[in-house]
Amino acid sequence: MDEKNRKKEKQGSDSQEDAYEFIKETIKQRPPERRQLLKVGGILVGAGAVFGLTAALVFSLVQPKISRILESKNQERQQVEFPSDEEPGEEQQESKAVSVETTDSEETIQKEMTMEDYKNMYSEVVQKAREASKSMVTVIGIKNDADWFHTPYESQISGLIVADNKQEMFILTEYRIVENVDRIQVQFCDGSIVDARFQKADANTGLTILKVQDSEVDGETKKQIAVATLGNSYSISQGEPVIAAGSPMGYSDSLCYGAITSTTNSVSKIDAEYGILTTDIVGSEDGSGILLNGNGEVVGIITQSFARGDTKNIITGLSVSQVKELIEILSNNEDIVYMGITGQTITPEISEKKGIPRGVFVEGVEVDSPAMQAGIQNADVIVEIDGEKIESVKGYQKKLQSCADGSTVKVKAMRQGTEGYIEVKFDVTVGAL
């Protein structure tokens, strides 16, 4: 019975599969007609053409605006800027002056230097100077007046490549080399010579900026020269070793080394004050060039005009951190705002000891200067400019440079009278140099 039932079930299933056999057939779509394909292709081509024309029209309208934006950005990039160095506060200055004392229990290991040690040390000094020489140039001032041999008069001095905006190269040097000359040339470290143009000078420091067109510098020369690395002279300490490179001996490619003897000296100039780095390096009173720290960074600009009368042959330099802003101004051909006073900072100690208000003590007023025309006098103490408190010559200098040429600033000062100091106010219309 079971076998018969199985046979019947098998026959029933076979008959069901035969009944649905048509479902296994493949249903194929009807192939598209050629006319329909051409129609769809034409629509796509037309849409593409419309899109292309629209994009071209939009680009033609937007492109001039994009070009103006790019040009303005390029002009912004042409500005010469240096990162500002923070001047150490009183606590930091005190910590630099504190010496570390060792106890008797500490062992001091002394090693006698051999000739090989000296040789290695001097080799390292020379290597640092060679790296820095890539950014050094010789500036040549030429006068058309000829000597007996019909040779034009030439004078030379060191210069420093401080910036390059890919259009012009900016070279820092001293104004005395380009004063009353008929032609200026620059010689790079590889010996190549190009013409340079005067940009702007500062009468206070005697520094000037020259320009050289990048297009006039040979490609091989560009591979060998470099823009100088301006270091932080605020971090340099008394006794720290330095290298004098450039023309410290009065002739090109001379090299001296020694140590910093003082970092606290300063020189007062019209509307400014600059820090002086003095060394124990014996050079020429006509020397020029740069001072390098142990890392090969520029920390001072050699300016022998700031050396004292009895030390004219001792290398002296301007603190580079205090002239970075000036280098920017000269390179960008900006105005040097002028009020016309020479001042001294009244510190809290001086104020307490002598009873003078804190501020900038006016030591001198330039004849026919904006300060004289406004009524500022010697011995006045400037304490405020346009509502901003002034406590040092550096603060006065920074505030003055933020003013625009021809603008009128409100100056508040203290003037000594019969009954002590009284407040006086001035409206000063500043000028530009």
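Helix α4 supplies the largest share of a nonpolar surface patch, four residues, helices (H or I, at least four residues) and strands (E, at least two) being DSSP runs numbered from the N terminus. The patch covers about 620 Å² and is made by Met113, Met115, Tyr118, Met121, Tyr122 and Tyr257. Patches consist of residues with over 30% relative accessible area and no salt bridge, with like charges joined within 9 Å and nonpolar side chains (Val, Leu, Ile, Met, Phe, Trp, Tyr) within 5 Å. Accessible areas come from the Shrake-Rupley method with a 1.4 Å probe, and for residues only the protein chains shown count as cover. Met121 is located in helix α4 and is partly exposed, at 35% relative accessible area; buried means under 20%, exposed over 50%, and partly exposed in between (1.4 Å probe, protein chains only).

The model is predicted, so that local features need pLDDT of at least 70 and side-chain atom pairs count only at pLDDT 80 or more, whereas totals for chains, interfaces and linings use all residues. Residues are numbered from 1 along each chain as its sequence is written, and side-chain values use heavy atoms, with hydrogens and water left out.

Helix α4 also contributes to a pocket, giving the most to the lining of the second largest one, with four residues. This second largest pocket has a volume of about 380 Å³. On a 1 Å grid over the protein atoms alone, a pocket is an open set of points with protein on both sides within 12 Å along at least five of seven lines, while a cavity is a set where a 1.4 Å probe fits but cannot get out; lining residues have an atom within 4 Å of a point. Grid points are joined across faces, edges and corners, and the volume is the space filled by probe spheres set on the points. The lining of the second largest pocket comprises 19 residues, of which Ser133, Met136, Gly246, Ser252 and Asp253 are the closest to the centre. Two or more lining residues come from each of α4 (115–133), β1 (136–146), β8 (241–247) and β9 (254–262). By class, eight lining residues are nonpolar, nine polar and two charged. In this classification Ala, Val, Leu, Ile, Met, Phe, Trp, Tyr, Cys and Pro count as nonpolar, Asp, Glu, Lys and Arg as charged, and the others, Gly among them, as polar.

Glu240 is placed in the loop between α5 (219–224) and β8 and is partly exposed, with 25% relative accessibility. The C-alpha atoms of Glu240 and Ala259 are 5.3 Å apart, although 19 residues separate the two along the chain.

In the whole structure, 13 salt bridges are found, a salt bridge being a side-chain nitrogen of Lys or Arg within 4 Å of a carboxyl oxygen of Asp or Glu. Asp195 is paired in this way with Arg183, with 3.0 Å between the closest N and O atoms. This pair links distant parts of the chain, since Asp195 belongs to strand β5 (residues 193–195) and Arg183 to strand β4 (residues 183–187), 12 residues apart. Both partners are partly exposed, Asp195 at 34% relative accessibility and Arg183 at 41%.

A salt bridge within helix α5 joins Glu220 and Lys223, whose closest N and O atoms are 3.5 Å apart. The two residues are separated by about one helical turn because they are three residues apart in α5. Glu220 is partly exposed at 47% relative accessibility, whereas Lys223 is exposed at 65%.

Lys412 forms a salt bridge with Glu384, at 3.6 Å between the closest N and O atoms. Lys412 lies in strand β20 (residues 408–417) and Glu384 in strand β18 (residues 381–385), so the bridge ties together parts 28 residues apart in sequence. Relative accessible areas are 22% for Lys412 and 23% for Glu384, and each residue is partly exposed. Through shared partners, Glu384, Lys412, Glu423 and Lys425 are joined by salt bridges into one network.

Positive phi values occur in two loop residues described here. Lys166, which is not a glycine, has a phi of about 75° and is situated in the loop between β2 (152–164) and β3 (168–174). Lys166 is exposed, with a relative accessible area of 69%. Asp271, also a residue other than glycine, has a phi near 60° and occupies the loop between β10 (266–269) and β11 (272–282). Asp271 is buried, at 7% relative accessible area.
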